[in-house]
Every structure is written in structure tokens, then in C-alpha cells.
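Work through the exercises below with the sequence and coordinates open. Each task is followed by a solution in steps.

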Amino acid sequence: MKMPKHSPILVRVFKEEAELEIWKQDSTGHFQILKTYPICRWSGDLGPKVQEGDRQTPEGFYRVTPELMNPHSNYYLAINIGFPNSFDKANKRDGSLLMIHGDCWSVGCYAMTDEQISEIYSLARDSFLGSRPSFQVQAYPFRLTPANLARHRNNRNLAFWKMLKIGNDHFEATHLEPKVDVCNRLYVFDAQPPPNSPNPLVFNPTGKCPAIVVSPKIARQALEKQSADELEYAQLLKDEVPAAPIYSGLDGGMNEVFLARFPGRVTLAQVLPYASRLPQLPPIRWVDNDGSLTSKLFGTLF
């Protein structure tokens, strides 16, 4: 597949589909899908982790370094995804020891089988021997398609998920790892200084965002995808597709391929509706007044 053994990897996790993807950089410098693993168990409901003990598996963009790898885990092998990151801390979210690990048992983690985590851990370990001693984890509630966003349009996390979609679109449109920064308690992606700017970019997670633009090459490709998705999303709303329940009342999920293998772990316990405790995020700065998802930031480039 023209993927050097020690080239970087990138991990993408999707709760609702209960799937974990490993992408690996090929000889052209782009990431290509290497393998998709069914997730054996995740806990909580759709939505980000907010506080210690809420059983929520995290959603967002995280970075794993070698010190976050644990070969002596009680869950066979474990990879700490790095929660809380600067976005989580800026929004006063807390928690600890949020992992991708083995043993198919989750209390806020993405749990795989021991066989799966052996492969994933080995791929991560090999990637550290290359030129980039870290890798990115993108954790999503579901695949951020127009159909899924339309189904979950009544969920109070929708603005947060649309913000994550910007980074998702950058990656899916270019197959390049998005550069992630945080300012004004928001994620920003692939930011660079405006042309002829004399000052380097400085990001304060809780402070005002600096003047930024997105690389025109990335912006054009991402905008094409975003515009097509907006049209499809608008049509789905016009067609009044059924909306998913705001709160499922269930504790996590398991990919259906494991239902027969782990019958004792299928029953899902009811959990409290954590959504009532979610902090209100400020409006996403890229959303236009008419509801368009098109980034105003992109508009400055044309």
C-alpha cells in the first residue's frame, strides 16, 4: 500500500457506528485508510465528556505521545488519548485516564478486544520511530454525514458537532492531518497568519482568536465538500427526515459483530441524562446568520 512501516498514523473513532479507523501516511504524504476495527464497547451517550464520572467517552481532537502508551495496563494494552485537551480545559471539562484499550470493558473508554489492541498498539509504536513522535485521534459521535446530522438536528450538541465537522471536512477533503488549535473556547483548523502579517500566530484557548486564514489549497477542497453537504442537509430538512431521540437513556454501545461473542456485556444500563449539565458554548464563529455552515473564514480567500 506504499505505506512505510514507520510513517505516521491517524486514528478516527465513531461512537454510533462503533468503529475505529487506522489511517497511515503513504509515500505521497497523504493519509489512506489502512484498517477499520469494530469497537467492542464504549460507554455513555452521544455527546462529549463533561465531567469525571459521567461515563462519557470523549469527542474531539486529541494527540497521543509515547508517554501516553501503557504496555502494563490492567486492560491488556492501553493508549491514553490525552483528555482533557486545551479545548476541554477551556470549557471546564474534566476527567482522567480516557483510553483506547483491550478487554472489551468500558467506563468512559473505547474498548477493543485484546487481539485488536495488539495490532493498534503495534501500529502506534512503529509510528513513533518515524519523524513525527505523536499521532492524532479524531473522536466523533457518528460519521458526520448530512444524513446523520439531519437525524440529530434536535440534539443540543449539534453546534459542537458542526464545529468538529470543519476539522473532519479538512481531513476527508485533503487526506492531510488537520492542524488543530484552540482559541475563544473553540477549535480552529489549519490556521495560518494572513498574507504579509508580521506576527506569528499565538493561540489562547480562552482568549480572542487572532487574525487567521486557511491555506487556500485546503480551504478550496474543504469548501467544495462543505457546500455539497449543506445542500444535502437542507434537502433532508425539507423532506422532514425523522429526528433521532435527543437522549437515548442507554449506556453506550457495542458493534453488532460482538453481540454473540460477549453476551454478558450486551445489556446496557440506564444512565442519567448528563445533557442537562452540559455547559453552553458560545456560537460558532463560522456559522452565518442564515444558518449556512460555510465558513466566513473561507470567504476571505476568494
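Two strands count as paired if DSSP finds at least two bridges between them. The model is predicted.

**Exercise 1.** Determine how β1 and β2 pair, and find the bridge partner of Arg12 in β2.

Solution.
- Step 1. Strand β1 covers residues 9-14, and β2 covers residues 19-25.
- Step 2. Six bridges connect β1 and β2, in the antiparallel sense. The criterion of at least two bridges is satisfied by these six.
- Step 3. Within β2, Glu21 is the bridge partner of Arg12.
- Step 4. Four residues lie between the strands of this hairpin, and Ala18 has a positive phi near 55° there.

**Exercise 2.** Describe the pairing of β2 with β3 and the burial of β2.

Solution.
- Step 1. Strand β3 spans residues 31-38 and runs antiparallel to β2, with seven bridges joining the two.
- Step 2. Gln25 stands opposite Phe31 of β3.
- Step 3. The hairpin of β2 and β3 has five residues between the strands; Gly29 takes a positive phi near 95° in this hairpin.
- Step 4. Six of the seven residues of β2 are buried, so the strand is mostly covered, where buried means under 20% relative accessible area.

**Exercise 3.** Characterise the surroundings of Asp181: is this residue buried or exposed?

Solution.
- Step 1. Asp181 belongs to strand β10, residues 180-183.
- Step 2. Its relative accessibility is 16%, so Asp181 counts as buried.
- Step 3. The side chains of Asp181 and Lys179 share a polar contact of 2.4 Å.
- Step 4. With neighbours within four places in sequence set aside, Asp181 contacts Leu186, Tyr187, Val188 and Phe203.

**Exercise 4.** Find the disulfides of the whole structure, then give their handedness and what they tie together.

Solution.
- Step 1. The search returns two disulfides, and their pattern is 1-2, 3-4 when bonded cysteines are counted along the chain.
- Step 2. Cys40 is joined to Cys104, with an S to S distance of 2.0 Å. The torsion about this S-S bond is about -80°, so the disulfide is left-handed.
- Step 3. Because Cys40 sits in the loop between β3 and β4 and Cys104 in the loop between β7 and β8, the pair ties together parts 64 residues apart in sequence.
- Step 4. Cys183 is joined to Cys209, again with S to S 2.0 Å. This link is right-handed, with 95° about the S-S bond.
- Step 5. Cys183 lies in strand β10 and Cys209 in the loop between β12 and β13, so this pair ties together parts 26 residues apart in sequence.
- Step 6. Cys183 is buried at 0% relative accessibility, and Cys209 is buried at 12%.

Conventions
Residues are numbered from 1 along each chain as its sequence is written. This is a predicted model: local features need pLDDT of at least 70, side-chain atom pairs count only at pLDDT 80 or more; totals for chains, interfaces and linings use all residues. Side-chain values use heavy atoms; hydrogens and water are left out. Buried means under 20% relative accessible area, exposed over 50%, partly exposed in between (1.4 Å probe, protein chains only). A polar contact is a pair of N or O atoms within 3.5 Å; within protein, one must be able to donate a hydrogen and the other to accept it, and residues adjacent in sequence count only if both atoms are side-chain atoms. Contact means heavy atoms within 4.5 Å. A disulfide is a pair of cysteine sulfur atoms within 2.5 Å.
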